[in-house]
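Student: Please walk me through how to read a protein model, one feature at a time. I'm new to this, so keep it simple.

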Amino acid sequence: MKVRTFIIAALCLLCSAALFTAGCKKAEVKPPAGLQVVTTLFPLYDFARAIGGDKAQVTMLLPPGVEPHTFEPKPEEMIRISRAGLFIYTSKYMEPWAEKIISGIDSRTLRVINAGARVSYRAAAGKGEHEAGTGVIDHDHGHAHTGMDPHIWLDFTNAQLMVDAIMDGFVAADPANGTRYRQNAVSLKARLAALDQRYRDGLKSCSTRKLLHGGHYTFGYLAARYNLDYHALSGISSDSEPSAERMIALVREIKSSGAAYLFAEELLSPRLTETLAKEAGVGVLMLHGAHNVSRDDLSRTVSFFELMERNLEQLQKGLACRAK
Ligand SMILES: [Zn+2]
């Protein structure tokens, strides 16, 4: 009898343990609350965070600090995309892999947003060309994004069009919170319009309009918007390597322009820019293209606005602009 009681008690214990484990497992696979959003580049991530507010969980596909132009998702990152409710990318010029992998993803719930679909793209000049007023020199090694400049977010009127496209994606994926998403997008666009105004005012009266950049051709849209004469060391992809002739030409350009600074780009070694600046006898200032951010910046939740405000300060210093 005692043995039987023991066995029954033991079975009950096992039973409840099994139930407990099953309960835990069930809790583990429970989908996270809110709309799940995966974005590629940092501006999309930051805009989606602002639009989603507390109704969505937004993550960035690019690991911090990773070079964005050559990035392609690994299988586990494709799984992340397939499990999301919303996947947001910039364009086929920036993420040439996106359309290909999306067509291969088998998901009935995934909604895909091309954030740059409403933007008018600027053409990037080909090898050896030097477009007057744009400073496009060099080539882009024949990547799929050849021909169009993908850095659309650096014109803040384009950024507002991107916000509209992202917002439409949120509303379609989660109509129950549509009003909230629309309200959040309106205030985000107002902030971008105010940023544009600060750039217009802040870059109105400068000693030089020549923006000399020892990096890849990132700031074409920004230069066009604020009437700057942009000269970059290399092409529209950050893996494009400048030729020796191009380096010599840029040093000559710096010297003849009378500029006091050469701008360097983030996330790349500034050594080459420093060498060129030294050769030309000028200082170095940092400009952030915001494609991606460092681990430090990501963990302290840096915003697109913070990066752009910092850029404006650097530009005002580098171009010797009079404060308004
Ligand atoms: Zn770039």
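Tutor: A helix here is a DSSP run of at least four residues, and helices are numbered from the N terminus. Keep in mind that this is a predicted model. With that numbering, we can already place one detail: G53 comes just after helix 2 and takes a positive phi of about 50 degrees.

Student: How many helices and strands are there in the protein chain?

Tutor: The protein chain has 11 helices and eight strands. Its length is 324 residues, and 41% of them are buried. For contacts with a separation of 6 or more, 66% join residues 24 or more positions apart.

Student: Let's try a sheet. In what order do the four strands of the open sheet come?

Tutor: Strands of a sheet pair through backbone hydrogen bonds, either parallel or antiparallel. Here four strands make an open sheet, in the order 2-1-3-4, with parallel pairing. Strand 2 (56–60) and strand 4 (111–114) are at the edges with a single partner strand each, so one side of each has no neighbour in the sheet. From one strand to the next, the twist averages 20 degrees.

Student: Over how many bridges do strand 1 and strand 2 pair?

Tutor: Strand 1, residues 35–39, pairs with strand 2 over five bridges, in the parallel sense. To find one bridge yourself, start from L35: its partner in strand 2 is A56.

Student: Which strands does helix 2 lie across?

Tutor: Helix 2 (residues 42–52) lies across strand 1, strand 2 and strand 3 (86–89), and it runs at about 170 degrees to strand 2. Helix 5 (residues 156–173) lies across strand 1, strand 2, strand 3 and strand 4, at about 170 degrees to strand 4.

Student: Back to helix 2, then. How many of its residues are buried?

Tutor: In helix 2, 10 of the 11 residues are buried, so this helix is largely enclosed by the rest of the structure. Among them are F42, P43, L44 and Y45. The buried residues of helix 2 pack against strand 1, strand 2 and strand 3, and also against helix 5, helix 6 (178–202) and helix 11 (304–318).

Student: And the core? Which residues have the most contacts inside the largest nonpolar core?

Tutor: In soluble globular proteins, nonpolar side chains tend to be buried together. The largest nonpolar core in this model has 78 residues, and I88 and I166 have the most contacts inside it. Helix 5 gives the most to this core, with eight residues. Domain 1 (35–118 + 156–196) and domain 2 (198–318) both contribute residues, so the core lies between them. As for I88, setting aside residues up to four places away in sequence, it touches V37, T39, L44, A48, I113, A115, I166 and G169.

Student: I'd like to zoom in on L86. Where is its place?

Tutor: L86 is in strand 3. It is buried, with 25 other C-beta atoms within 10 Å; the cut-off for buried is 20 or more. L86 and R111 are 25 residues apart in sequence, yet their C-alpha atoms are 4.8 Å apart in space. Leaving aside neighbours within four places in sequence, the contacts of L86 include R111, I113 and F170.

Student: What about a loop residue such as H291: buried or exposed?

Tutor: H291 sits in the loop between strand 8 (283–287) and helix 10 (295–299). H291 is buried, with 27 other C-beta atoms within 10 Å. Beyond its neighbours within four places in sequence, H291 is in contact with L41, F42 and P68.

Student: Since strand 8 came up, what does the chain cross through from strand 7 to strand 8?

Tutor: First, the pairing: strand 7 (residues 261–265) and strand 8 pair in the parallel sense over five bridges. In that pair, A264 stands opposite M286 of strand 8. The chain crosses from strand 7 through helix 9 (residues 271–280) to strand 8, and this β-α-β crossover is right-handed.

Student: We began with a positive phi at a glycine. Which residue has a positive phi of about 60 degrees although it is not a glycine?

Tutor: That is N227. N227 lies in the loop between helix 7 (220–225) and strand 6 (229–232), and it counts as exposed, with 12 C-beta neighbours inside 10 Å. T301 is not a glycine either, and has a positive phi of about 45 degrees. T301 is in the loop between helix 10 and helix 11, and is exposed, with 10 other C-beta atoms within 10 Å.

Note on methods:
Residues numbered from 1 in each chain as written. Predicted model: local features only at pLDDT ≥ 70, side-chain atom pairs only at ≥ 80, totals over all residues. Pairing = 2+ DSSP bridges. Helix = DSSP H or I, 4+ residues; strand = E, 2+ residues; numbered from the N terminus. Axes fitted to C-alpha atoms, helices over the stretch in contact; angles between N-to-C directions. Contact = placed C-beta atoms within 7 Å. Core = buried A, V, L, I, M, F, W, Y, C linked by C-beta atoms within 7 Å. Domains from an automatic or database assignment. Right-handed = clockwise from strand over helix to strand, strands pointing away.
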